[in-house]
Amino acid sequence: LGYNGIIHVSSQDSESEEIIDGSRFGPSKLRWMYDIKQIGGQLCAVGMSRMAYRQDSSGTWNQLGRGAEVTDLVDIEACFRSIAGFSDDHLIAVGTKGEIWQCCNGVWQQMESPTNVILHGVLCCDDGTAYACGAAGVVLRLSNNSCTVVDNDETDDHLWGISWFKGSVFIAGSNAVYKIDDNRLRKVDMGIKPTTSYLYSSSNILWSVGSSDICWFDGSTWKQLFLPKFPARL
């Protein structure tokens, strides 16, 4: 997903592009787009002005839900930075000023938040609990329509990525990966010192992607993918 709403689609046999909204030529009405996720078998994307879109079975992108639209210039900087979902009818999005929004059956409603810092990532777990992470080391736990702060004595860094892997919630800052253990954030001993930021998981592998490093974790050992040296930009 590009910031301008252009989605690059790649497979073994072909490459193509899709446009969520706006024109490819000239300024995009979307401003910035930030996150794309597959939820309930459908792709969802979110960005500035609390814009949310979902792709239907025909491949068309449509506005996702109602009620979160920005209607006042006071909220000009409001945005959804990340989206996750328990199902296609129960979604959670987070963003600037600690905002947490819940979309049930197509209607967005804002939840009370214990923080006003930007939230970068959100994760929905199978047990009905959701977690969010953001600036100043903030980690939130959302359960039964209430939100509490997860204890964190490890870092006050921005926390960017969040993922579920082998029964645990992992969170990444810029230079470390953390794990929620007994409702407390604890730094993971990776055995290496890579740059980190974003996490992606499958059933067998947890990937960590940083500004200059890619690593993976199989549940027992972290390993680093050694990248080719790219020439410096002039």
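1. A strand, as the word is used in this note, is a DSSP run of E of at least two residues, numbered from the N terminus. On that footing strand 7 gives the lining of the largest pocket its largest share, namely 7 residues. The model under discussion is a predicted one, and the points below should be read accordingly.

2. The largest pocket holds about 910 Å³ of space, and 30 residues line it, with K37, I83, V122, I162 and L199 lying nearest its centre. Besides strand 7 (80-87), the strands that each supply at least two lining residues are strand 3, strand 11 (119-124), strand 16 (161-165) and strand 20 (198-201). Sorted by class, the lining comprises 16 nonpolar, 10 polar and 4 charged residues.

3. Strand 3, one of the contributors to that lining, also belongs to an open sheet of 4 strands, whose order is 3-4-5-6 and whose pairing is antiparallel. Strand 3 (33-39) and strand 6 (61-63) are the edge strands and have a single partner strand each, which means that one side of each is left without a neighbour in the sheet. On average, and with direction ignored, neighbouring strands of this sheet are turned by 25° against each other.

4. At the strand 6 edge of this sheet, the pairing with strand 5 (residues 51-55) is antiparallel and runs over 3 bridges; within strand 6, N62 is the residue that stands opposite R54.

5. Strand 12 (residues 130-134) deserves a separate remark, since 5 of its 5 residues are buried. In a regular strand the side chains alternate between the two faces of the sheet. For strand 12, the covering extends to both faces, with A130, A132 and G134 buried on one side and Y131 and C133 buried on the other.

6. Strand 12 pairs in the antiparallel sense with strand 11 over 5 bridges, and Y131 of strand 12 is the bridge partner of L123. These two strands form a hairpin with 5 residues between them, in which G128 takes a positive phi near 90°. Strand 11 is also among the strands that supply at least two residues of the lining of the largest pocket.

7. Strand 12 also pairs with strand 13 (residues 139-143), again in the antiparallel sense, over 4 bridges, and here A130 stands opposite L142. The hairpin of strand 12 and strand 13 has 4 residues between the strands, and A136 in its turn has a positive phi of about 60°. Anyone checking backbone torsions may wish to look at both turns, where G128 and A136 have positive phi.

Key
Residues numbered from 1 in each chain as written. Predicted model: local features only at pLDDT ≥ 70, side-chain atom pairs only at ≥ 80, totals over all residues. Heavy atoms only, no water. Pairing = 2+ DSSP bridges. Axes fitted to C-alpha atoms, helices over the stretch in contact; angles between N-to-C directions. 1 Å grid on protein atoms, 1.4 Å probe; cavity = no way out; pocket = protein on both sides within 12 Å on 5 of 7 lines; lining within 4 Å. Points joined across faces, edges and corners; volume = space filled by probe spheres on them. Nonpolar A, V, L, I, M, F, W, Y, C, P; charged D, E, K, R; others polar. Buried < 20%, exposed > 50% of the residue type's maximum accessible area, 1.4 Å probe, protein only.
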